[in-house]
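Q: I would like to learn how to read a few features of a fold. Please take me through them one by one.

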Amino acid sequence: KGNIEFELRYQKEKQDLQENCQRFIDFRRGYGKWLEISSRDESEKSREVFCIETLYVLLNKILLIRICEDKGLVTKKISNSGISVWRQFAGSLKDSYKDLLDIAYKDTSLLYSHVYEKGIFDWYSEGDGELNKVLNRVLYIFNHFSFKNVNRDILGKLYEKYLPKDER
């Protein structure tokens, strides 16, 4: 108290630390709620399962956007032509795919608001740029497929074929 320069430096470092640790704070918050809901014990295996379920939620959200885009329910954002338009618009913006995904979430949430509400699995969106690289790859892979004729039978078969029974 009384040393204004020290107090300002302290507040700045405190804010920087919180910003740098936000993804871990969000992870702990979501993970803690997930532990309560799932009745699991704190363990390395539980953290791994939580991360896998986070990935499933992310991929499902992206898949639903792609289905909606390919069926013409929303404008293309993460499909081939949408990404090209985004690259021209965003240029060299840092984390541009995360930004693009946020915009696609908002658009698709007009149809499926409950799917895109913030939840315990949304901690992944904070980060150091790794997510951007992963999203680039995922969107690239998804763009090899057309989801125009997808129905829930196909999605159910995908789950049965690619997900272990205990994870479905």
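Q: How do the residues of the lining of the largest pocket divide into nonpolar, polar and charged?
A: Rolling a probe the size of a water molecule over the atoms shows where empty space is left. A pocket is an open set of points on a 1 Å grid over the protein atoms alone, where a 1.4 Å probe fits, with protein on both sides within 12 Å along at least five of seven lines; lining residues have an atom within 4 Å of a point. Ala, Val, Leu, Ile, Met, Phe, Trp, Tyr, Cys and Pro count as nonpolar, Asp, Glu, Lys and Arg as charged, and the others, Gly among them, as polar. Here the lining of the largest pocket has 12 nonpolar residues, 2 polar and no charged. This is a predicted model: local features need pLDDT of at least 70, side-chain atom pairs count only at pLDDT 80 or more, and totals for chains, interfaces and linings use all residues. Residues are numbered from 1 along each chain as its sequence is written, and side-chain values use heavy atoms, with hydrogens and water left out.

Q: Which residues lie nearest the centre of the largest pocket?
A: Leu-59, Leu-63, Phe-142, Leu-158 and Tyr-162, out of 14 lining residues. Two or more lining residues come from each of α3, α6 and α7 (152-162). Helices are DSSP runs (H or I, at least four residues), numbered from the N terminus. The pocket volume is about 490 Å³, the space filled by probe spheres set on the grid points.

Q: At what angle do α3 and α6 pack?
A: Axes are lines fitted to C-alpha atoms over the stretch in contact, and angles run from 0 to 180 degrees between N-to-C directions. Helix α3 (residues 44-70) and helix α6 (residues 130-142) pack at about 45 degrees, with axes 12 Å apart. That makes α3 oblique to α6 (angles under 35 degrees count as roughly parallel, over 145 as roughly antiparallel, 65 to 115 as roughly perpendicular, the rest as oblique). Leu-59, Ile-62, Leu-63 and Arg-66 of α3 make the contact (heavy atoms within 4.5 Å) with Leu-135, Val-138, Leu-139 and Phe-142 of α6. These contact residues divide into 7 nonpolar, no polar and 1 charged.

Q: How do α2 and α3 cross?
A: At roughly 105 degrees, with axes that come within 11 Å. The two helices are therefore roughly perpendicular to each other. Among the contact residues are Phe-27, Tyr-31 and Trp-34 of α2 and Val-49, Phe-50 and Glu-53 of α3. The full contact has 7 nonpolar, 2 polar and 2 charged residues.

Q: Where is Lys-148 found, and which residues does Lys-148 touch?
A: Lys-148 is in the loop between α6 and α7. Lys-148 touches Asp-70 and Lys-71, not counting residues up to four places away in sequence. Its C-alpha atom is separated by 8.2 Å from that of Glu-69, 79 residues apart along the chain.
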